[in-house]
Amino acid sequence: MENNRMQSSCNSILTCVTVISPTFGEKRMQDVLINDNGDIDAIEEHDANRKIDINSQVINLEGKFIIPGLIDTHFHLMATGLSELSVNLLHATEIPDIQELLAAAKESTDEESWILATGLNEEKLKEKRPVTRAELDACCGSRPVFIDHRSLHYAVVNTEAIKRLGLLDEGTSGGSGEELREGIIKDNLLNKSRQALMRGLSKSFLQKSLRYGSALAAKKGLTTVHAIEGGELFGDEYLSILLDIRDELDTWVNLYWITTDIDAAHQKGLQSVGGDILLDGTLGSRTAALWKDYADEEGCSGVLYRTQAEVDEFFFRARQAGIQPAVHAIGGRAIEQALNAIGVAEKRLPGIDNRPRIEHFGEANKAQINRASELRMGVASQPPFAYLRGGPDGVYCERMGTERASQLYAFRLMLDQGVQLAGGSDSPVVSLDPILGMHSCINAHYEAQRLSVQEALQIYTITGAWLGFEERTKGDLQVGMNADLVVLDRNPLSIEPTSFQDCEVLLTMKGGRIMFNALG
Ligand SMILES: [Zn+2]
């Protein structure tokens, strides 16, 4: 009887598969039964004579491997989707290339819409300067064009865009007039313009962008993204669009609204806020608040954007409201501010489990890593940063010298000390691919950063779930949990670590539903 009931409620069966878990290791030749609620009903040894309900979907995965659905704890969904829908200028080598790419986009999109582009990098252009407003007018005329520099620190627009963004008056008053004549917008004007651009994009385009970002994530094996959205960069208007379609997206989306307004977040019923509340800047632009001067600029050790009292207030008010706060801190001095504030809040209001987070956590020293493990908090870091930018020829060595750069992003020490460390990408800042993320820790440049395959899997699964308060339902393959899972073409536990990034995602399932399928 018992058996029949289970089988009749079973929606899908994945047969003959090796199940790989960050907690129980691997089990070969299993059948995974998934029920109508999208939960894992059973994981049992393969049984060729299993009675299968006529309504069940059976997927024979002979020779394949299942891991839990991967979780990206620092992801920008709208920005990822928008950059996917934009013209990519990264490979342009001269200004006529850019004009040609934009002209092609003009032909292939509808007449009223914006032409968006990303990845402008004048250093790679023969002309060694950005494209100008006049050059954009020449190729795209009546269509509004908005080009983001790859750093997102400035944008270039044409005359039609200036009209539509309401920037006409700005050009005649204030210091930005000269630059605007060339089509360049930066600083406050850039934030204002990007927010105006967001208001000018149609609701259906914004929906499409969110769907694109999420579909791309599912294709790479992500089943949950912690989406850090709104705030100064894009404005808050699109958040309601995201909340409306959230359940239809290819991944689960945990929203982190970029605001320090705890009351407003509380009113919206949000569980988490922040993410990119900046305590300091970045290493690339020498604004991360380092312990000591940058190696390549004397007298410069970065910037703290907030006072300790402000940071204390944010963490305290969030804890009071039972909301999870998250802040961006890369340099050691910014990390110190965050740890101090988390410590103070915990002391004043003990016994509340709101799991405050520090994002990035780049230059944390040993004492800070110890403190992070003693506090009930999480770290959301991005292994590809250290891998792609942290090698001997990378920008981190340039900024800090090899010795200090080799101590950055000390994932090994963090896990050894028991820090709740979770992985992510900061997409679109780096590729959203979590296989690359895990590869980055397994093949890290320095010992203090290097993790085993199991540990890499753990930071992209169970700890990510913990950071999202979802450790009971996500992050592992246990009976009763969400059927969030990924089918890989090879066994990640037994391949050469240096080849880890060759693992291919063949299928992604979110809550028992297939979101991506390359099995054929
Ligand atoms: Zn970010």
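**Exercise 1. Cysteines**

Task: In this predicted model, decide whether Cys 300 counts as buried or exposed, and state how far away the nearest cysteine sulfur is.

Solution.
- Step 1. The relative accessibility of Cys 300 is 15%.
- Step 2. Buried means under 20% relative accessible area, so Cys 300 counts as buried.
- Step 3. The nearest cysteine sulfur belongs to Cys 397 and is 17 Å away.
- Step 4. A disulfide needs two cysteine sulfur atoms within 2.5 Å, so Cys 300 is in no disulfide.
- Step 5. For the structure as a whole, the number of disulfides is 0.
- Step 6. Cys 16 has a relative accessibility of 6%, and therefore it also counts as buried by the under 20% limit.

**Exercise 2. The surroundings of Phe 385**

Task: Find which helix holds Phe 385, and list what Phe 385 touches beyond four places away in sequence.

Solution.
- Step 1. Helix 14, residues 383-389, contains Phe 385.
- Step 2. The relative accessible area of Phe 385 is 5%, so this residue is buried.
- Step 3. Leaving out residues up to four places away in sequence, Phe 385 touches His 360, Gly 390, Tyr 396, Tyr 409, Ser 425, Asp 426, Val 429 and Val 430.
- Step 4. Ser 440 is 55 residues from Phe 385 in sequence, while their C-alpha atoms are 8.5 Å apart.

**Exercise 3. The open sheet**

Task: Give the strand order of the open sheet of 5 strands, and explain why one side of strand 6 and of strand 10 is left without a neighbour.

Solution.
- Step 1. The order is 6-7-8-9-10, with mixed pairing.
- Step 2. Strand 6 (87-88) and strand 10 (184-186) are at the edges and have a single partner strand each, so one side of each has no neighbour in the sheet.
- Step 3. Helix 3 (residues 95-108) packs on this sheet and touches strand 6, strand 7 (115-120) and strand 8 (145-149). The directions of helix 3 and strand 7 make an angle of about 150°.
- Step 4. Strand 9 (residues 154-157) runs antiparallel to strand 10 and is joined to it by 3 bridges.
- Step 5. Across this pair, Val 156 has Ile 184 in strand 10 as its bridge partner.

**Exercise 4. Nonpolar cores**

Task: State how many residues the largest nonpolar core holds, and which helix gives the most to it.

Solution.
- Step 1. The largest core has 115 residues.
- Step 2. Those touching the most other members are Phe 146, Ile 185, Leu 283, Phe 315, Phe 361 and Met 438.
- Step 3. With 7 residues, helix 12 (residues 332-348) gives the most to this core.
- Step 4. Another core of 20 residues lies apart from it, including Ala 105, Ala 117, Leu 125 and Ile 147.

Note on methods:
Residues are numbered from 1 along each chain as its sequence is written. This is a predicted model: local features need pLDDT of at least 70, side-chain atom pairs count only at pLDDT 80 or more; totals for chains, interfaces and linings use all residues. Side-chain values use heavy atoms; hydrogens and water are left out. Two strands pair if DSSP finds at least two bridges between them. Helices (H or I, at least four residues) and strands (E, at least two) are DSSP runs, numbered from the N terminus. Contact means heavy atoms within 4.5 Å. Axes are lines fitted to C-alpha atoms, for helices over the stretch in contact, and angles run from 0 to 180 degrees between N-to-C directions. A nonpolar core is a set of buried Ala, Val, Leu, Ile, Met, Phe, Trp, Tyr and Cys residues joined through side-chain atoms within 4.5 Å. Buried means under 20% relative accessible area, exposed over 50%, partly exposed in between (1.4 Å probe, protein chains only).
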